[in-house]
Amino acid sequence: MTAQTHTAARAQKLLRRKGALTPLILVMGFIGASLRYLLECALPANGGFPAATLVINIFGCFVLELVNQYVGRRMHLPGALVKSLGVGLVGAFTTISAFSTECLAFLRAGEVGLWAAYIAATLATTFLASLAGHAACRGLDARRLARIERRREAIHRAHAARRARAMREADRAKSQARSAFAQEWGRRCEDNPTAEDSSPEDEGGKR
């Protein structure tokens, strides 16, 4: 066992322990919250439309669908790691509380049009993001199945090629054996002219 394989096996064992979920959620939550803070700094609202919160929730819905439908079901990762990705990383990254607070701020400011547009945009785009995540999962499944099928076909072709090569070698060996027998019989006939009256089959029967 190599050092890399030993490390991977040890990591798998640690992640399957009962107490592994809590530290994983803490780490993933820190990463998710940090990413959200950086995105909010990059897209400040400044009293206008809260684009950062909308982008965060859209991306979070897309990623959560990938985590639940593909990572958790197809990649055979430890359950604690998959749950920490959903609860910790995506949960800390997305924010329904900021969405609600921003909607309330629009109403207090009398911005009914922005309030309605923000709610409609959030509901529509997050739902579409979830659909896109589901479609991406189906695409990944299709690619995975196609890759498995190509691997099976390659194995089948390799086996067929080996069988064909073995048959050709067997036929070649039989042909060489017949040729050697015919040459040996010809030499015997030259050394013993009386042997020409009998056929190779008769000679084999006498043996």
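These are legends for a set of close-up views of one predicted model.

**View 1. The whole chain, an all-helix fold.**
Start by getting your bearings: the chain has 7 helices and 0 strands. Walk along from the N terminus and the elements read α-α-α-α-α-α-α. Of the 207 residues in the chain, 21% are buried. If you take the contacts with a separation of 6 or more, 69% of them join residues 24 or more positions apart.

**View 2. Helix 2 against helix 4.**
Here helix 2 (residues 21–42) packs on helix 4 (residues 79–93), with the axes 7 Å apart and an angle of about 30° between them. Angles under 35 degrees count as roughly parallel, so helix 2 is roughly parallel to helix 4. The crossing of this pair is right-handed. On the helix 2 side, look for residues including Leu 24, Met 28, Gly 32 and Leu 39; on the helix 4 side, their partners include Leu 81, Leu 85, Gly 88 and Phe 93. Sorted by class, the residues of this contact come out as 15 nonpolar, 4 polar and 2 charged.

**View 3. Helix 3 against helix 4.**
Now swap partners: the axes of helix 3 and helix 4 come within 10 Å and cross at roughly 175°. Since angles over 145 degrees count as roughly antiparallel, that makes helix 3 roughly antiparallel to helix 4. Among the helix 3 residues in this contact are Ile 56, Phe 59, Val 63 and Val 67, while helix 4 brings Val 82, Leu 85, Gly 86, Val 90 and Phe 93. The tally for this contact is 10 nonpolar, 3 polar and no charged residues.

**View 4. The largest nonpolar core.**
Which residues make up the largest nonpolar core? There are 11 of them: Ala 20, Leu 24, Met 28, Val 63, Val 67, Val 71, Ala 80, Leu 81, Val 82, Leu 85 and Val 90. Helix 2, helix 3 (51–74) and helix 4 each chip in at least two residues. Helix 4 gives the largest share, with 5 residues. Zoom in on Val 90 and you'll find contacts with Gly 60, Val 63, Leu 64 and Leu 85, leaving aside neighbours within four places in sequence. Elsewhere there is a second, separate core of 5 residues, and Phe 99, Cys 103, Phe 106 and Tyr 118 are among them.

**View 5. Helix 5 against helix 6.**
Helix 5 (residues 96–108) and helix 6 (residues 112–191) have axes 8 Å apart and pack at an angle of about 155°. The two are therefore roughly antiparallel to each other. Phe 99, Glu 102, Cys 103, Phe 106 and Leu 107 from helix 5 meet Leu 114, Trp 115, Tyr 118, Ile 119 and Thr 122 from helix 6. By class, that is 8 nonpolar, 1 polar and 1 charged residues.

**View 6. Two residues of helix 3, Thr 53 and Glu 65.**
Thr 53 sits in helix 3. Is Thr 53 buried or exposed? Its relative accessible area is 2%, so Thr 53 is buried. Not counting residues up to four places away in sequence, Thr 53 touches Thr 95, Ala 98, Phe 99, Glu 102 and Tyr 118. Glu 65 is also found in helix 3. Because buried means under 20% relative accessible area, Glu 65 counts as buried at 18%. With the same sort of close neighbours in sequence set aside (up to four places away), Glu 65 touches Tyr 70, Ser 130, Gly 133, His 134 and Cys 137.

**View 7. Arg 36 and Tyr 37 in helix 2.**
Find Arg 36 in helix 2. Arg 36 has 23% relative accessibility, so it counts as partly exposed. Apart from its neighbours within four places in sequence, Arg 36 is in contact with Ile 56, Ala 92, Phe 93, Thr 94 and Thr 95. Its C-alpha atom is 8.4 Å from that of Ala 52, a residue 16 places apart from Arg 36 along the chain. Tyr 37 is in helix 2 too. At 53% relative accessibility, Tyr 37 counts as exposed. Tyr 37 and Phe 93 are 56 residues apart in sequence, yet their C-alpha atoms are 8.6 Å apart in space.

Notes
Residues are numbered from 1 along each chain as its sequence is written. This is a predicted model: local features need pLDDT of at least 70, side-chain atom pairs count only at pLDDT 80 or more; totals for chains, interfaces and linings use all residues. Side-chain values use heavy atoms; hydrogens and water are left out. Axes are lines fitted to C-alpha atoms, for helices over the stretch in contact, and angles run from 0 to 180 degrees between N-to-C directions. Helices (H or I, at least four residues) and strands (E, at least two) are DSSP runs, numbered from the N terminus. Angles under 35 degrees count as roughly parallel, over 145 as roughly antiparallel, 65 to 115 as roughly perpendicular and the rest as oblique. A crossing is left-handed if the near helix is turned anticlockwise from the far one by less than a right angle, and right-handed if clockwise. Contact means heavy atoms within 4.5 Å. Ala, Val, Leu, Ile, Met, Phe, Trp, Tyr, Cys and Pro count as nonpolar, Asp, Glu, Lys and Arg as charged, and the others, Gly among them, as polar. A nonpolar core is a set of buried Ala, Val, Leu, Ile, Met, Phe, Trp, Tyr and Cys residues joined through side-chain atoms within 4.5 Å. Buried means under 20% relative accessible area, exposed over 50%, partly exposed in between (1.4 Å probe, protein chains only).
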